[in-house]
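Me: Please take a close look at the salt bridges in this model, and say how exposed or buried the partners are.

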Amino acid sequence: MRLLWRAKSSEIEVDLTSPTMRADPYPTYARLRRERPLARAVDGFGGEVWAVSRYEDVQEALRDPRLGCNQRSATGKSDMDRWYVPKIMRAFGETMLSQDDEGHRRLRGLVHKAFTPRMIESLTRRVEDLVDELLARAASRGQFDLIADFALPLPLTIISEMMGVPDDRDRLRFHGWIAGIIEGGDPSPMNVLKQLPDMVQLARFFSKLVATHKLAPRDDLTSALIEAREKDDKLSDAELTAMLFVLLLAGHETTVNLIGNGTLALLEHPEQLALLRARPELAPAAVEELLRFTNPVQMPSPRFAREDIMLHGRTIPRGARVTALIGSANRDEEAFPRADELDLQRTPNRHVAFGHGVHYCVGAPLARLEGRIALGTLVSRFPRLRLAVPREQLRWRKTTVLRGLEALPVRVD
């Protein structure tokens, strides 16, 4: 996505997909907040998008009922309706993230009970055991990739166990297919062609998962969704596929980036790292600050104007796409004093890293639990934790929606 706005009578272009922007988006976000809090954007189709970057505007955009998540209900059509978009991709697009009102409440209600704080807290021992197991294995080598060896397998294993995905190989393959889709960009004809093999593999993956659980139901979330489908909730095949897709995706991607980005931020702020080691009880607050400071998710699903909306003296026309830059909102100086400083004792800390309003991330309690245990254990277990490569060699994933490292080599000996 390219953001275009005018400053001093000249047009300035900001490319959200550039490596520079992925590595450090915050100076650009600050300029947007200062000079163009409502910026006209251009998406991969050349269509118009409106981007809001200030904390107050982002919060309002995420809770305003005039901005919906269902593109078809707002505009009468959807990007998924384009002639070249295959049926498989359309099925994955029908998630609770793209629904509003009763449709969203119905789908969210099917999974909400599995992600309540009480239910998630019951996973504490399993998360602790898995963290210990992964770190013991990594420590034996002295140097390891914190992403591949720790940040990824932890949440991927937990959500897979919750969903009843039994095979480690299936879990890693699933992550690879998801990464290919996430990093594939807008659904333009060329990108769709690139993403199609991953889509086909995912469809087969979910078909196998559902068939296995139908033959032998278990006490897990997949069986519960199938049971709901066959009773009064009557989930369609497309809804079931989309639900499994979004749960497995959201159940690990945010946490991977929280642990990876959070570890890097602590290594770059040794005084805060030392504080967390000295006061492990700060781990819950540290997770909240690392969510705010590192922004594992840069922007949520787009919203679509259900009617004309006036903002900052400009009209967002009915049907227009609106992007809420939560990565910018969490660094807004008006909402967070010393916003560009990492402060593990920051209070209050009303960040929007998990969104806001009715679409607030259903997996937030799980991400918080995993982040608290993972980061707390990591820093206490390895007092000599440090980067194994120069900082400038680190590379960021090729996606504008998420912000995470491709790899994070560290040494602990």
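Reply: In this predicted model, arginine 105 and glutamate 102 both belong to helix H6, which covers residues 101–112, and they sit three residues apart, about one turn of the helix. An α-helix has 3.6 residues a turn, so residues three or four places apart point the same way. The two side chains form a salt bridge whose closest N and O atoms are 3.4 Å apart, and arginine 105 counts as exposed because its relative accessible area is 51%, where exposed means over 50%.

Elsewhere, salt bridges with shared partners link Arg31, Arg34 and Glu35 into one network. Within that network, arginine 34 pairs with glutamate 35, with 4.0 Å between the closest N and O atoms; arginine 34 is exposed at 56% relative accessibility, whereas glutamate 35, at 30%, is partly exposed.

A further pair joins arginine 66 to aspartate 64, and here the closest N and O atoms are 2.8 Å apart. Arginine 66 is partly exposed, its relative accessible area being 30%, while aspartate 64 has a relative accessibility of 8% and is therefore classed as buried, the limit for that class being under 20%.

These pairs are among the 25 salt bridges found by a search of the whole structure, and as a general matter side chains of opposite charge can pair when their charged atoms come close.

Key
Residues numbered from 1 in each chain as written. Predicted model: local features only at pLDDT ≥ 70, side-chain atom pairs only at ≥ 80, totals over all residues. Heavy atoms only, no water. Buried < 20%, exposed > 50% of the residue type's maximum accessible area, 1.4 Å probe, protein only. Helix = DSSP H or I, 4+ residues; strand = E, 2+ residues; numbered from the N terminus.
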